[in-house]
Amino acid sequence: MILPQFKKISFKSYKPGKSQLSRIKNITKLSANESALGSSSKVRKIVNSKINLSKYPDNKSTKLRLEISKKFRCEFEQIICGAGSDEIIQIICQLFLKPKDEVIVPQYSFLMYRIYSKIAGANVLFAKENNHKISVSEIVKKISKKTKIIFLANPNNPTGTYLKKNEILELRKKLRNNILLVVDDAYDEYMRKKDYTSGLKLFKKSKNVIILRTFSKIYGLAALRVGWGYGPKKFIFQK
Ligand SMILES: Cc1ncc(COP(=O)(O)O)c(C=O)c1O
């Protein structure tokens, strides 16, 4: 009997940290960067009273995108919402990558970049870090004719280090225009450093950068699976 065939891909699956320990109640799992403070009671009220669980939601997330565009002073048509920013990473890989393309990620970086890139058939190259900090020159060393996407989180997970505003601008300058830079702002709200600027602020008008944002971290809403991306209208806009 011939059974359905599937693509064999070699990667280590994503292993989330343990959520339960047999002898300890109310543990805070640090490995997933979930909020230790929980979610706001205002959100819980709305989720309990206003969300109609039996209906499909608006697949264009119109109201949410409108609110995001007001709060972050950015263009409605350049916002895409997803089931967590995880889904946006997946969509980017599906949309931009074909087999044998190359993707560069920092040596220590959020695992979903490499997982979705590999599922799309791309080769993933790892750029060394200096003292657990992303290195612009090590990323640049890895660039070849086949490079399609560079993914990085700023500040980075799992290292907690960050690239300064001038370093990330320098990186974009050193890349060919047809290389997509994905700047994941998942932890932007936790930054207080003067020499740091969010990807969204730096690249709002860029034609070859996509920014990722999530409601999971600062709003403590990981279970709702809400994330968004911001990029050129050409990539994002849905009629
Ligand atoms: C850097 C980074 N990006 C994206 C995500 C995924 O977030 P979401 O819950 O929006 O899928 C995480 C989650 O840990 C993360 O650390």
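**Exercise 1. The shell around the ligand**

Find out which helix gives the most residues to the shell around the ligand in this predicted model, and how the shell divides by residue character.

*Solution.*
- Step 1: start with the helices. Helix 3 gives the most to the shell, with 3 residues.
- Step 2: pick out the nearest neighbours. The shell has 14 residues, and N157, D184, Y187, T214 and S216 come nearest to the ligand.
- Step 3: sort the shell by character. The split is 5 nonpolar, 5 polar and 4 charged residues.

**Exercise 2. Polar contacts and cover**

Work out which atoms of D86, N157 and Y187 face oxygen atoms of the ligand, then ask how much of the ligand the protein covers.

*Solution.*
- Step 1: take Y187. One of its polar side-chain atoms sits 2.6 Å from a ligand oxygen.
- Step 2: go on to N157, where a polar side-chain atom is 2.7 Å from an oxygen atom of the ligand.
- Step 3: D86 uses its backbone instead: an N or O atom of its main chain lies 3.1 Å from a ligand oxygen.
- Step 4: now the cover. On its own, the ligand has 390 Å² of accessible area, and the protein covers 94% of that.
- Step 5: place the ligand among the pockets. The space it takes is the second largest pocket.

**Exercise 3. Two cis bonds in one loop**

Locate the cis peptide bonds that lead into P155 and P158, and decide whether P158 is buried or exposed.

*Solution.*
- Step 1: check omega from N154 to P155. That bond is cis, with omega near 0°.
- Step 2: do likewise for N157 and P158. They are joined by a cis bond too, with omega about 20°.
- Step 3: put the prolines on the map. P155 belongs to the loop between strand 6 (147-153) and helix 6 (165-174), and P158 also lies in the loop between strand 6 and helix 6.
- Step 4: look back at the ligand. N157, on the N-terminal side of the bond to P158, is one of the residues that come nearest to the ligand.
- Step 5: settle the exposure of P158. Its relative accessibility is 57%, so P158 counts as exposed.
- Step 6: for a sense of distance, take G121. It is 37 residues from P158 in sequence, and their C-alpha atoms are 25 Å apart.

**Exercise 4. Positive phi without glycine**

S61 and K100 both have positive phi. Where does each one sit in the fold?

*Solution.*
- Step 1: read S61. Its phi is near 45°, positive although the residue is not a glycine.
- Step 2: find its place, which is the loop between helix 1 (41-50) and helix 2 (62-71).
- Step 3: read K100. Here phi is about 80°, again positive in a non-glycine residue.
- Step 4: K100 falls in the loop between helix 3 (84-96) and strand 2 (102-106).
- Step 5: check its cover. K100 has a relative accessible area of 57%, so it is exposed.

**Exercise 5. A bare helix and a buried threonine**

Determine how many residues of helix 1 are buried, what caps its N-terminal end, and whether T147 is buried or exposed.

*Solution.*
- Step 1: count along helix 1. Of its 10 residues, the number buried is 0, and the helix is hardly covered.
- Step 2: inspect the N-terminal end. S40 is the cap, with a side-chain oxygen 3.0 Å from the backbone nitrogen of K42.
- Step 3: turn to T147, which is part of strand 6. Buried means under 20%, and T147 has a relative accessible area of 2%, so it is buried.
- Step 4: find its partner. A polar side-chain atom of T147 lies 2.8 Å from the backbone nitrogen of S144.

Methods
Residues are numbered from 1 along each chain as its sequence is written. This is a predicted model: local features need pLDDT of at least 70, side-chain atom pairs count only at pLDDT 80 or more; totals for chains, interfaces and linings use all residues. Side-chain values use heavy atoms; hydrogens and water are left out. Helices (H or I, at least four residues) and strands (E, at least two) are DSSP runs, numbered from the N terminus. Buried means under 20% relative accessible area, exposed over 50%, partly exposed in between (1.4 Å probe, protein chains only). A residue is near a molecule or strand if one of its heavy atoms lies within 4 Å of it. A polar contact is a pair of N or O atoms within 3.5 Å; within protein, one must be able to donate a hydrogen and the other to accept it, and residues adjacent in sequence count only if both atoms are side-chain atoms. Accessible areas come from the Shrake-Rupley method with a 1.4 Å probe; for residues, only the protein chains shown count as cover. On a 1 Å grid over the protein atoms alone, a cavity is a set of points where a 1.4 Å probe fits but cannot get out, and a pocket is an open set with protein on both sides within 12 Å along at least five of seven lines; lining residues have an atom within 4 Å of a point. A molecule sits in a cavity or pocket if more than half of its atoms lie within 2 Å of its grid points. Ala, Val, Leu, Ile, Met, Phe, Trp, Tyr, Cys and Pro count as nonpolar, Asp, Glu, Lys and Arg as charged, and the others, Gly among them, as polar.
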